[in-house]
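Colleague: I should like to learn how to read burial, charge pairing and packing in a model of this kind. Could we begin with the term on which the rest depends?

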Amino acid sequence: MADPQEESKPLLSRVRGGSGRDRPEGVPACRSVQVGPGSTARRDLCLDQAVVFIEDAIQYRSINHRMDASSLWLYRWYYSSLCQWILSFTIFLILFLAFIETPSSLTSTADVRYRPVPWEPPCGLTEGLEALCLLVFAADVSVKSYLVGWAQFRKNPWLLAYLMVLVVSLMDWIVSLSLVCHEPLRVRRPLRPFFLMQNSSMMKKTLKCIRRSLPEMASVGLLLAIHLCLFTMFGMLLFTSEKQDAGQDKERLTYFRNLPEALTSLLVLLTTANNPDVMIPAYSKNRAYAIFFIAFTLIGSLFLMNLLTAIIYNQFRGYLMKSLQTSLLRRRLGTRAAYKVLSSVTAAGEAHPEGVGVKPQDFLHVLQKVQLDGDHKQAIMEKVRSHGGDLLSADEFQKLFDEFDKRVIKEPPLRPEYRSPFLRSAQFVFSHRYFDYLGNFMALGNLVTICVFLVLDADVPPEDRDDFVLGILNFVFILYYLLELLLKVLALGLRGYLAHPSNVFDGLLTVVLLVLEISTLAVYRFPHPGWKPEMLGLLSLWDMTRLVNMLLVFRFLRIIPSMKLMAVVASTIMDLIKNMRAFGGILVVVYYVFAIVGISLFRGVVVAPGNSSLAPVNGSAPCGSFEQLEYWANNFDDFAAALVTLWNVMVVNNWQVFLDAFRRYAGPWSKVYFVLWWLVSSVIWVNLFLALILENFLHKWDRRSHLQSLTGDSEATSQMTVELLFRDVLEEPTEEELMEKLSHHPHLQLCR
């Protein structure tokens with residue numbers, strides 16, 4: 001711990017920045033001054049700095065930014081909900097432009113045989129929207145650059161790249177307008193995902209980890225390449241001998257015609273997409289040829305590919321821990337800086353008999369200004385008031401912020417109080433969990449009846465079906481759901497009923513079913529023998545009712561918390577969804593860039609049969625080819641079609657069909673594009689995602705027994721987030737480390 005005399009010294013003596021350009025003249029610095037005309041302004045500045053430090057700690061943000069009064073106002077305004085929402089919407093808008101700008105995706109189908117001429121926006125429409133987005137990004141980078149200071153801006157590669165991307169985009173935008181939107185290539189389109197990446201610290205960390213893992217991935221990739229080339233040469237020697245028989249000749253002409261074809265065939269076999277097709281011609285002639293293909297698959301697919309997964313997992317093992325460790329350091333640094341500021345305010349006042357610390361009233365005053373939800377504020381205030389008027393020490397001050405890691409569970413509203421013994425008994429019965437079990441049983445019966453009648457009516461022509469029995473049963477079930485809703489409202493009260501998300505879902509579903517049922521009865525009358533609702537439009541009201549009924553299956557998700565092992569799995573899935581948004585963002589970036597590049601390379605190369613000699617009609621196309629399988633909707637004629645095509649290739653099922661088709665339509669160099677996409681999406685990203693799922697699940701599974709000890713008891717009023725769940729394995733930063741970080745703050749200086 002730091003020396004008490006040093007703790008009493010003020011945190012901020014002056015604002016650093018060389019010649020004073022980081023702090024305008026006349027802006028008071030936060031220092032220990034007993035009296036003076038500027039003491040009130042300096043106190044207010046200290047409190048505002050503490051507010052910002054605490055907000056930085058809550059959001060795990062860096063505290064390395066300007067700390068004068070005007071900069072603090074700008075900083076809080078920039079990170080306000082409104083400004084961040086505008087920035088997020090701008091990022092979404094500029095990415096979404098790819099769907100409506102030329103080539104437009106505004107058609108009902110992507111099939112080149114039936115696709116109508118799409119609506120193309122007039123020149124200047126999408127360009128105008130793009131200009132507004134670029135202006136917002138220009139303002140964003142300007143504010144960020146000012147807040148961190150010029151010295152830090154020059155050292156920040158992301159901000160420098162941000163500025164460069166903006167300049168290139170603006171220049172390319174000017175070129176577009178000067179050519180009246182008829183330019184052959186828009187350079188700025190593949191640069192747009194950068195705006196998404198630079199706005200996410202987790203995505204930046206992910207890219208950094210991928211970059212660090214590339215050497216290990218490349219080593220296995222080299223082994224795969226050697227393995228592929230070696231077996232390609234063996235295959236060429238085995239299937240291209242001088243004396244050819246029918247089986248060998250078929251194998252040679254189909255899969256080993258030449259070196260590029262042989263290499264492609266074995267590359268696809270590495271993903272098992274064309275297994276056993278590539279083996280069958282030779283295997284049908286001589287069973288010994290199976291040894292070649294089995295050995296290739298064993299070494300490549302089952303050994304080297306899984307070795308790559310293991311290496312990626314090993315490199316990313318502990319990635320979540322490292323990111324949480326960085327987040328913990330930022331939080332501790334922010335709270336420690338807030339403590340130093342507030343303790344300097346205490347030292348600036350009258351001498352306190354207890355020594356150094358933070359006055360509870362000062363902290364409560366600061367907490368009122370902090371952007372924080374009311375439940376957490378109330379919990380922290382109660383802990384502060386429990387200290388009375390005693391000064392808060394550094395350790396006590398730090399422990400207050402543990403409440404940020406907890407998700408406060410609101411107390412359910414009080415139930416209605418009935419005087420009648422009958423109503424009290426009814427309240428007990430209809431609020432009991434067994435009543436929920438009865439509702440789940442009825443929902444299960446509803447689903448079973450729908451499935452049974454779907455099976456029974458499968459072979460009956462639509463005009464001969466009789467929905468009388470099913471209509472009566474459906475009417476009975478909906479009446480029960482309505483009765484269940486009313487009885488639960490009676491037992492819990494309206495506020496108590498709405499306090500449970502499961503009840504809200506059931507209630508909305510019941511209301512929708514009731515409206516559909518009333519509409520069905522009004523249109524088709526009450527069910528009777530021979531009752532068959534007619535089709536009106538795409539779906540009849542009766543069909544819509546049955547579709548909505550299928551949503552009842554979600555009622556059974558509420559049983560998950562009562563099953564411990566399933567609860568661990570479900571909570572792991574939810575944690576993955578919350579904490580893997582960065583990896584989803586990386587996938588969006590990769591998809592976007594490859595889709596734009598694919599449009600530039602392959603737009604218009606896939607044409608409808610009859611319009612080109614390269615596209616034979618379905619009857620004359622070889623079995624299993626692009627044309628025979630009618631894959632015409634898989635093309636790069638617009639952005640939406642490109643995304644779906646890339647998805648189909650990423651799944652790698654039948655991806656050899658795409659390789660062959662685009663080789664014929666666009667040339668052999670097109671294989672480079674698809675192989676690169678396979679490497680980035682299926683090999684790197686999918687394995688990375690698998691490794692992170694394993695890491696999250698194993699930590700969650702191994703530590704499920706610690707949940708009880710971490711939360712205290714089963715009646716705890718808080719639920720643990722991922723950060724607190726792994727807090728016991730994270731290393732707390734030392735006092736010396738925190739003070740060292742604070743002493744090197746670019747815009748603050750610790751008094752020594």
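Modeller: The term is burial: a residue is called buried when its relative accessible area is under 20%, exposed when it is over 50%, and partly exposed in between. Please keep in mind that this is a predicted model. With that cut-off, Arg-188 is buried, because its relative accessible area is 1%.

Colleague: Which residue forms a salt bridge with Arg-188, and how far apart are the closest N and O atoms?

Modeller: The partner is Glu-130, and the closest N and O atoms are 2.7 Å apart. This pair links distant parts of the chain, with the two positions 58 residues apart: Arg-188 sits in the loop between helix H7 (157-178) and helix H8 (193-197), while Glu-130 belongs to helix H5. Glu-130 also counts as buried, because its relative accessibility is 1%.

Colleague: Which other residues are linked with Arg-188 and Glu-130 in a network of salt bridges?

Modeller: The network also takes in Glu-101, Glu-127, Asp-172, Glu-183, Arg-186, Arg-189 and Arg-192. For the model as a whole, the count comes to 25 salt bridges.

Colleague: How should one read a salt bridge in terms of the burial of its two partners?

Modeller: One classifies each partner separately. Arg-664 and Glu-627 meet through their side chains in a salt bridge of 3.1 Å, N to O. Here too the pair links distant parts of the chain, 37 residues apart, with Arg-664 in helix H26 (residues 655-666) and Glu-627 in the loop between H24 and helix H25 (639-651). Arg-664 is partly exposed, because its relative accessibility is 24%, whereas Glu-627, at 1%, is buried.

Colleague: Are Arg-113 and Asp-111 buried or partly exposed?

Modeller: Asp-111 counts as buried because its relative accessibility is 7%. Arg-113, at 27%, counts as partly exposed. Their side chains form a salt bridge with an N to O distance of 2.9 Å.

Colleague: Let us turn to a buried acidic residue. Why does Asp-140 count as buried, and which side chain does a polar contact join to that of Asp-140?

Modeller: Asp-140 counts as buried because its relative accessibility is 4%. Its position is in helix H5 (residues 125-148). A polar contact of 2.4 Å joins its side chain to that of Tyr-78. Leaving aside residues up to four places away in sequence, Asp-140 touches Tyr-78, Leu-87, Tyr-162 and Gln-198.

Colleague: Where is Gln-198 placed, and which residues does Gln-198 touch?

Modeller: Gln-198 is in the loop between H8 and helix H9 (201-238). With residues up to four places away in sequence not counted, its contacts are Asp-140, Lys-144, Trp-158, Tyr-162 and Lys-204. Gln-198 is buried, because its relative accessibility is 4%. The C-alpha atoms of Gln-198 and Leu-159 are separated by 8.1 Å, although these positions lie 39 residues apart along the chain.

Colleague: How does one pass from single residues to the nonpolar interior?

Modeller: One looks for buried nonpolar residues joined through their side chains. The largest such core has 140 residues, and those with the most contacts inside it are Phe-137, Phe-195, Phe-256, Phe-363, Phe-397 and Trp-655. Helix H24 (residues 581-602) gives the most to this core, with 13 residues. Among the residues touched by Phe-363, not counting those up to four places away in sequence, are Ile-54, Leu-342, Ile-380, Phe-397 and Phe-401.

A second, separate core has 9 residues, including Tyr-480, Tyr-481, Leu-487 and Leu-513.

Colleague: Which residues form a nonpolar patch on the surface, and about how much accessible area do they have together?

Modeller: Leu-82, Trp-85, Ile-86, Phe-89, Phe-92 and Phe-96 form the patch, with about 650 Å² of accessible area together. Ile-86 lies in helix H4 (residues 81-100) and is partly exposed, because its relative accessible area is 36%.

Colleague: What are the values for the protein chain as a whole?

Modeller: The protein chain has 30 helices and 2 strands. Of its 752 residues, 45% count as buried. The chain exposes about 38,500 Å², with carbon and sulfur atoms supplying 65% of that area. Among contacts with a separation of 6 or more, residues 24 or more positions apart account for 74%.

Conventions
Residues are numbered from 1 along each chain as its sequence is written. This is a predicted model: local features need pLDDT of at least 70, side-chain atom pairs count only at pLDDT 80 or more; totals for chains, interfaces and linings use all residues. Side-chain values use heavy atoms; hydrogens and water are left out. Patches are made of residues with over 30% relative accessible area and no salt bridge: like charges are joined within 9 Å, nonpolar side chains (Val, Leu, Ile, Met, Phe, Trp, Tyr) within 5 Å. Accessible areas come from the Shrake-Rupley method with a 1.4 Å probe; for residues, only the protein chains shown count as cover. A salt bridge is a side-chain nitrogen of Lys or Arg within 4 Å of a carboxyl oxygen of Asp or Glu. Helices (H or I, at least four residues) and strands (E, at least two) are DSSP runs, numbered from the N terminus. Buried means under 20% relative accessible area, exposed over 50%, partly exposed in between (1.4 Å probe, protein chains only). A nonpolar core is a set of buried Ala, Val, Leu, Ile, Met, Phe, Trp, Tyr and Cys residues joined through side-chain atoms within 4.5 Å. Contact means heavy atoms within 4.5 Å. A polar contact is a pair of N or O atoms within 3.5 Å; within protein, one must be able to donate a hydrogen and the other to accept it, and residues adjacent in sequence count only if both atoms are side-chain atoms.
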